[in-house]
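Subject: Handover of a structure for your review

Dear colleague,

Please find below the sequence and structure that I am handing over to you. A summary of what was found follows directly after them.

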Amino acid sequence: MPANYNELHQVLLEQRQHLLSQLNTIAHTVREDGVGYSNHMADVGTEVFEQARDVSLSRQLKRSLESVEHALRKFDDGTYGICELCGAIIELARLEALPSAQYCMECQSRREGTR
Ligand SMILES: [Zn+2]
């Protein structure tokens, strides 16, 4: 395994830590039922807006966390850096830009093109 992969592994671990702490912070403000109530009617609009924003942010963070954890699992499997679609080795520059990349450049653009 090239030395750079070790660095990428480190980066992914740090990203996971960071995402987890962000999710933790949000978890204190977001309730399961989504909208909380306020004693001050005037504040409700703002509160609902803030919670909606937090919910979508937390969804986004969870998705990022999933892909980071997925990438970390690939380290365990020894498949890190290999495109999940065509099996090609993902360019190091791409991995450095996006350590949790699942696909090579070609497959990624093909996927985006079909969307
Ligand atoms: Zn590919």
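Helix H1 buries three of its leucines, namely Leu 8, Leu 12 and Leu 19. Please note that this is a predicted model.

The helix in question, H1, comprises 25 residues. From its first C-alpha to its last, H1 reaches 36 Å, close to the 36 Å expected at 1.5 Å a residue.

The three leucines also belong to the largest nonpolar core, which has 10 residues in all. Its other members are Val 68, Ala 71, Tyr 80, Ile 90, Leu 95, Ala 101 and Cys 104. Helix H1 (3-27) and helix H2 (41-77) each contribute at least two residues to this core, and the largest share, three residues, is that of H1. As general background, nonpolar side chains in soluble globular proteins tend to be buried together.

One member of the core, Cys 104, has contacts beyond its neighbours within four places in sequence: Cys 83, Cys 86, Ala 88 and Ile 90.

Two further residues of H1 may interest you. Tyr 5 lies in this helix and is partly exposed, because 15 other C-beta atoms lie within 10 Å, whereas 20 or more would be needed for a buried residue. Setting aside residues up to four places away in sequence, Tyr 5 touches Tyr 80 and Gly 81. Its C-alpha atom is separated by 9.0 Å from that of Phe 75, although the two residues are 70 apart along the chain.

Leu 20 is also placed in H1. With 13 other C-beta atoms within 10 Å, Leu 20 is likewise partly exposed. The C-alpha atoms of Leu 20 and Lys 62 are 8.7 Å from each other, with their positions 42 residues apart along the chain counted as the separation.

Turning to the chain as a whole, there are four helices and zero strands, so the order of elements from the N terminus is α-α-α-α. Of its 115 residues, 11% count as buried. Among contacts with a separation of 6 or more, 55% are between residues 24 or more positions apart.

Finally, on confidence: the chain averages a pLDDT of 87, and 83% of the residues score at least 70. Confidence is lowest in H2, at a mean of 88, and highest in helix H3 (residues 92-97), at 95. Where pLDDT is low, the predicted coordinates should not be read in detail.

Yours sincerely

Technical notes:
Residues numbered from 1 in each chain as written. Predicted model: local features only at pLDDT ≥ 70, side-chain atom pairs only at ≥ 80, totals over all residues. Core = buried A, V, L, I, M, F, W, Y, C linked by C-beta atoms within 7 Å. Buried ≥ 20, exposed ≤ 12 C-beta atoms within 10 Å, placed from the backbone. Contact = placed C-beta atoms within 7 Å. pLDDT = per-residue confidence, 0-100. Expected span 1.5 Å × (residues − 1).
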